[in-house]
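Dear colleague,

I am handing over the structure below, and after it you will find my notes on what came out of it. Please read them with the model open beside you.

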Amino acid sequence: MSQRGRELTPLEEASLQNQKLKAAYEARMARLDPSQAMQKTSLTLSLQRQMMENLVIARAREETHSETSQRSVHVCRGHRIRNQKERALTRLPQLQRKMEERRLRLQEAANRRFCSQVALTPEEREQRALYAAILEYEQDHDWPKHWRAKLKKSPGDLSLVTNLVSHLLSIPDHPISQLLRKLQCAVYRALYPIVSRGKDSSFEDLEQFLATSERWGRGPGGQPEPQTPGVRKEPLPEQLKCVVKDIHDAIDRLLALTLLAFEGLNTAASKDRCLACIEEPFFSPLWPLLLAVYRSLHRLREAALGRSMELYRNAPPAAIGVPTKLLPRDPGAAGAGAYPYCAAAQELGLLVLESCPQKKLECIVRALRVICACAEGYYRDQEAEPQPGTAAMDIRGARERTCRCVVPGEEGAGPPRSPWDGEQLPSPNSGADDLLPILSFVALRSGLPQLVSECAALEEFIHEGYLIGEEGYCLTSLQSALSYVELLPRGALGGPAKVCPGAPAAGAEALLGLLAPSDNCPQGSRWPLCS
């Protein structure tokens with residue numbers, strides 16, 4: 001806008017006046033003769049005085065004008081704020097309409113991702129609503145788009161999957177994180193009454209609870225607790241079965257929703273990694289309660305295993321059936337407090353410190369691998385000239401040979417043969433025949449009778465894909481070893497039981513005949529310990 005179109009301020013008027021004075025000054029100076037120096041000096045001083053006076057007068061007028069303007073500004077500002085409020089109230093229905101339109105648009109997008117059948121199950125309706133909530137969340141957050149771009153750029157990078165799921169579950173306002181907490185609370189509400197039934201105080205000390213768990217269902221004085229009319233308490237196994245089903249359903253729902261939100265995770269490898277990343281935060285706060293229920297259910301087996309661990313805590317490996325070829329040549333060389341396969345027992349002891357089934361299973365696998373490594377070292381020390389390429393024991397090979405074995409007496413089975421028959425040392429690849437007694441010794445030295453309950457829980461919650469592989473073989477081997485230790489004879493405490501040197505320990509089938517005479521034993525005594 002030009003200066004003519006608006007009122008000039010006092011300073012602007014003074015500036016225009018000074019410009020005119022300067023123009024007149026320059027015109028007069030141009031007409032003067034160079035010899036008239038005194039007149040030039042006088043004109044210059046006069047110009048400076050007039051320009052200074054104009055500025056002083058303009059500043060005084062500006063201050064007076066500013067005070068008047070401020071009062072006007074306050075009045076105008078009040079009118080402006082009032083007008084803004086009125087406009088906001090007028091626009092509120094428009095904003096509500098836009099929000100509703102966005103919600104319907106996202107709901108239609110969610111409907112397109114699901115089947116268009118008219119009748120949906122409650123679970124399908126909930127999943128569709130959660131997916132719509134995820135779409136609405138992503139309207140206001142950009143990080144899911146960035147993660148999808150990373151997955152698209154590196155589809156085979158499993159570390160991206162781990163980082164994505166960890167980040168996703170760490171955002172408290174994301175719908176998947178909210179679903180995780182909701183499902184955890186549902187499982188906790190189902191577990192807590194089972195665990196706390198018959199207790200006066202809140203559940204804080206698991207060991208104290210387990211020590212008193214035998215009094216479940218009994219009131220004061222050991223009398224049966226009176227039942228409320230019309231209320232039927234289901235047996236503990238039935239209640240646990242329902243909780244296990246709820247846990248499997250919860251994990252499946254979390255996995256399905258995560259794969260629905262991030263399509264780049266829908267590959268076999270990424271799905272397995274995603275499942276493992278979901279299970280760890282899901283089980284972490286729930287495992288103590290779950291284990292308490294399992295320990296109550298298996299308390300008799302734990303008690304039997306604990307008695308065997310106490311009775312045989314100082315028994316040498318040979319007393320449990322470990323062959324000499326897989327023991328150190330000089331047991332005392334390891335130092336005080338050390339014993340064969342000590343590292344495997346320590347590794348197995350780490351299992352109780354974990355709260356995720358997958359990590360617990362990894363502890364078992366590492367323990368068996370340590371057993372194989374120790375057996376390899378002991379065997380090579382025993383053999384003067386070990387054959388190249390041989391191994392004292394191999395988990396995978398043992399699993400394959402166990403799966404191919406034929407039970408004596410069945411069609412196609414040869415005569416029973418002990419791996420220790422004859423004077424020749426057994427093959428270094430005897431596998432399962434050697435693994436079970438060593439693992440039994442390691443379980444004895446761990447001093448953890450709760451391993452029975454831990455393994456029972458792992459068998460329920462480990463993915464079936466693991467149960468048919470190396471992990472499943474390791475878990476089954478540990479369960480067989482625990483059963484073997486649990487049924488060890490209760491001999492005199494004064495000395496270890498006599499060991500049958502021809503005793504094979506080849507898997508769970510042999511455990512079924514612990515108390516029956518065995519043709520594999522040269523002395524004809526009971527396997528694996530002679531009376």
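The expected span of a helix is 1.5 Å times one less than its number of residues. With that in hand, helix H11 (residues 299-311) is a convenient place to begin, since its 13 residues reach 18 Å from the first C-alpha to the last, close to the 18 Å expected at 1.5 Å a residue. The buried residues of H11 are Glu302, Ala304, Leu305, Ser308 and Met309, and because they cover an arc of only 160 degrees around the axis, they lie on the same side of the helix. An α-helix has 3.6 residues a turn, so residues three or four places apart point the same way.

Please keep in mind that this is a predicted model. The protein chain averages a pLDDT of 74, and 64% of the residues score at least 70. Over residues 200-232 the pLDDT stays under 50, and for that stretch the model has 34 contacts beyond four places in sequence. Over residues 492-531 the pLDDT is likewise below 50, with 69 contacts in the model beyond near neighbours in sequence.

As for the overall make-up, the protein chain has 19 helices and 2 strands, and 38% of its 531 residues count as buried. Among contacts in the chain with a separation of 6 or more, residues 24 or more positions apart account for 72%.

Another helix whose span can be compared with expectation is H6 (residues 175-196), in which 22 residues reach 31 Å from the first C-alpha to the last, close to the 32 Å expected at 1.5 Å a residue. The buried residues of H6 include Ile176, Leu179, Leu180, Leu183, Val187, Leu191, Ile194 and Val195, and also the polar-named Ser177 and Gln184.

Where does the largest nonpolar core lie with respect to domain 2 and domain 3? This core has 105 residues, of which Ile247, Phe282, Leu290, Tyr341 and Ile364 touch the most other members. Helix H8 (residues 236-261) gives the most to the core, with 13 residues. Domain 2 (122-199 + 236-284) and domain 3 (300-331 + 338-383 + 429-489) both give residues to it, so the core lies between them.

Two of these core residues deserve a closer look. Leu290, leaving aside its neighbours within four places in sequence, is in contact with Leu191, Val243, Ile247, Phe283 and Phe461; of these partners, Leu191 is one of the buried residues of H6, and Ile247 is itself among the core members that touch the most others. Tyr341 is found in the loop between H11 and H12 and is buried, with a relative accessible area of 1%. The phi of Tyr341 is near 60 degrees, a positive value in a residue other than glycine.

Finally, two further buried positions. Glu347 is found in helix H12 (residues 342-349) and, with a relative accessible area of 17%, counts as buried because the cut-off is under 20%. Beyond its neighbours within four places in sequence, Glu347 is in contact with Cys363, Arg366 and Ala367. Leu135, found in helix H3 (residues 122-140), is buried as well, with a relative accessible area of 17%. The C-alpha atoms of Leu135 and Ala261 are separated by 8.5 Å, although the two residues are 126 residues apart along the chain.

With best regards

Technical notes
Residues numbered from 1 in each chain as written. Predicted model: local features only at pLDDT ≥ 70, side-chain atom pairs only at ≥ 80, totals over all residues. Heavy atoms only, no water. Helix = DSSP H or I, 4+ residues; strand = E, 2+ residues; numbered from the N terminus. Buried < 20%, exposed > 50% of the residue type's maximum accessible area, 1.4 Å probe, protein only. Arc of directions from axis to C-beta. Core = buried A, V, L, I, M, F, W, Y, C linked by side-chain atoms within 4.5 Å. Domains from an automatic or database assignment. Contact = heavy atoms within 4.5 Å. pLDDT = per-residue confidence, 0-100.
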